Amino acid sequence: MLTLNIYNRNGESVSTVEVDPQEFGGEINKQLLHDVVVMHLANQRAGTHSTLRRGEVAGSTKKLFRQKGTGNARVGPRRTNKRKGGGTAKGPKPRDYEYHLPKKAVRAATRMAILSKFQDQEAVIVDDLAFPEIKTKQMATVLKALKLYGTTCLIGTAGRDNTLYRSARNIGGVKVLPTSDFNAYTVLKQKRLLLTKAALDELRKKAAPAEAK
C-alpha cells in the first residue's frame with residue numbers, strides 16, 4: 001500500500017490516504033508507456049511539410065547542352081536535383097502521422113503514469129482547491145505553500161473548474177485538466193502532479209472497474 005499525505009492550502013499535512021497500487025495496474029511497463037507517449041506525440045504532428053520535386057520546380061525540361069562533343073561533363077535538365085534551384089530528391093510531402101494503439105493499452109498506460117507519480121513521490125494531494133474568484137495570486141500562493149511553484153505541474157480536478165483554470169493559466173509550466181482528460185503523455189510531461197482529494201477519488205473510481213475485470 002502507498003501512503004499519501006493530504007495537505008491543505010497552507011502546505012500543512014492534515015491527513016493521509018492509502019492507495020493500493022493494484023488499483024492503477026500494480027506494475028509499470030516502461031515499453032508500453034514509451035509506445036503510448038510516442039503515439040500521442042505523433043498524433044500532434046501537423047504533417048504540413050512539403051518540398052518541390054523536379055517535376056514541380058520552374059524551368060525547362062530540355063537538356064542544357066548536348067551529351068557529347070562539348071568537352072564538359074554530361075548534364076541533364078535545369079530541374080535536376082544536382083543543380084541549385086532544382087527539385088528535391090525524395091523530399092517530404094504532406095502526410096498524416098496519426099495512428100492509434102488499442103484503447104485498453106492506452107487506458108492502462110494512463111494508470112501506469114499516475115502510479116509512477118505516486119511511487120516516485122512526485123504527486124501531491126490537496127484537500128480542496130476551490131476559489132471564490134479568479135485570482136492568479138491566490139493560485140501562486142497555494143503552489144508556493146505546497147513547494148510546487150517554479151516547476152512544471154499538472155493540476156487534476158474532479159470536474160471542469162473554470163475559476164481554477166483561469167487562476168492558473170498565466171503561471172508558467174502549470175496546466176489544469178479534469179481527470180477525465182488525463183492520458184499518459186499529459187501526466188508524464190509535467191514534473192509534478194497535484195490532485196485534489198475529489199480528483200483522486202475520481203481516478204480510483206475509474207480504475208476500479210478495469211481492475212475488477
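Contact here means heavy atoms within 4.5 Å of each other. By that yardstick, and leaving aside its neighbours within four places in sequence, Tyr7 is in contact with Glu12, Ser13, Val14, Val124, Ile125, Val126, Asp127 and Leu146. The model is a predicted one, in which local features need pLDDT of at least 70 and side-chain atom pairs count only at pLDDT 80 or more, while totals for chains, interfaces and linings use all residues. Residues are numbered from 1 along each chain as its sequence is written, and side-chain values use heavy atoms, with hydrogens and water left out.

Now for the overall layout. The protein has six helices and six strands, where helices (H or I, at least four residues) and strands (E, at least two) are DSSP runs, numbered from the N terminus. Reading from the N terminus, the order of the elements is β-β-α-α-β-α-β-α-β-α-β-α. The radius of gyration is 27 Å, well over the 17 Å that the globule rule gives for 213 residues, so the protein is more spread out than a compact globule. That radius is taken over C-alpha atoms, and the rule is 2.2 Å times the number of residues to the power 0.38. Along its principal axes, the C-alpha trace spans about 95 × 45 × 25 Å.

Of the 213 residues in the protein, 37% are buried; buried means under 20% relative accessible area, exposed means over 50%, and partly exposed is in between (1.4 Å probe, protein chains only). Among contacts with a separation of 6 or more, 68% come from residues 24 or more positions apart. The accessible surface is about 13000 Å², with 48% of it belonging to carbon and sulfur atoms; these areas come from the Shrake-Rupley method with a 1.4 Å probe, and for residues only the protein chains shown count as cover. As for charge, there are 39 positive and 19 negative side chains, and the centres of the two sets sit 22 Å apart. Lys and Arg count as positive and Asp and Glu as negative, with His and the chain ends not counted; the place of each charge is NZ of Lys, CZ of Arg, CG of Asp or CD of Glu.

Back to Tyr7, which belongs to strand β1 (residues 2–7). Its relative accessibility is 25%, so Tyr7 counts as partly exposed. Lys30 is 23 residues away from Tyr7 along the chain, and their C-alpha atoms are separated by 30 Å. A wider gap in space turns up at Leu64, in the loop between α1 and α2: Leu64 and Ala105 are 41 residues apart in sequence and 58 Å apart, C-alpha to C-alpha. Leu64 is partly exposed, with a relative accessible area of 31%. Outside its neighbours within four places in sequence, Leu64 is in contact with Val75, Gly76, Arg78 and Arg83.

Two buried helix residues come next. His40 is part of helix α1 (residues 30–44), and with 14% relative accessibility His40 counts as buried. Neighbours within four places in sequence aside, His40 is in contact with Val106, Asn183 and Tyr185. Thr186 belongs to helix α5 (residues 184–189) and counts as buried at 13% relative accessibility. With neighbours within four places again set aside, Thr186 is in contact with Leu154, Leu177 and Asp181.

Helix α3 (residues 136–145) has Met139, Ala140, Val142 and Leu143 buried. These residues cover an arc of only 160 degrees around the axis, which puts them on the same side of α3; the arc is that of the directions from the helix axis to the C-beta atoms. On the other side of α3, Lys137 and Lys144 are exposed. The buried residues of α3 pack against β4 (153–157), α4 (162–168), β5 (174–178) and β6 (192–196).

Finally, the backbone. Most residues other than glycine have a negative phi. Lys147, just after α3, takes a positive phi of about 60 degrees. Lys147 lies in the loop between α3 and β4 and is exposed, with a relative accessible area of 71%. Gln121, not a glycine, has a positive phi of about 55 degrees. Gln121 is found in the loop between α2 (103–119) and β3 (123–126), and with a relative accessible area of 68% Gln121 is exposed.
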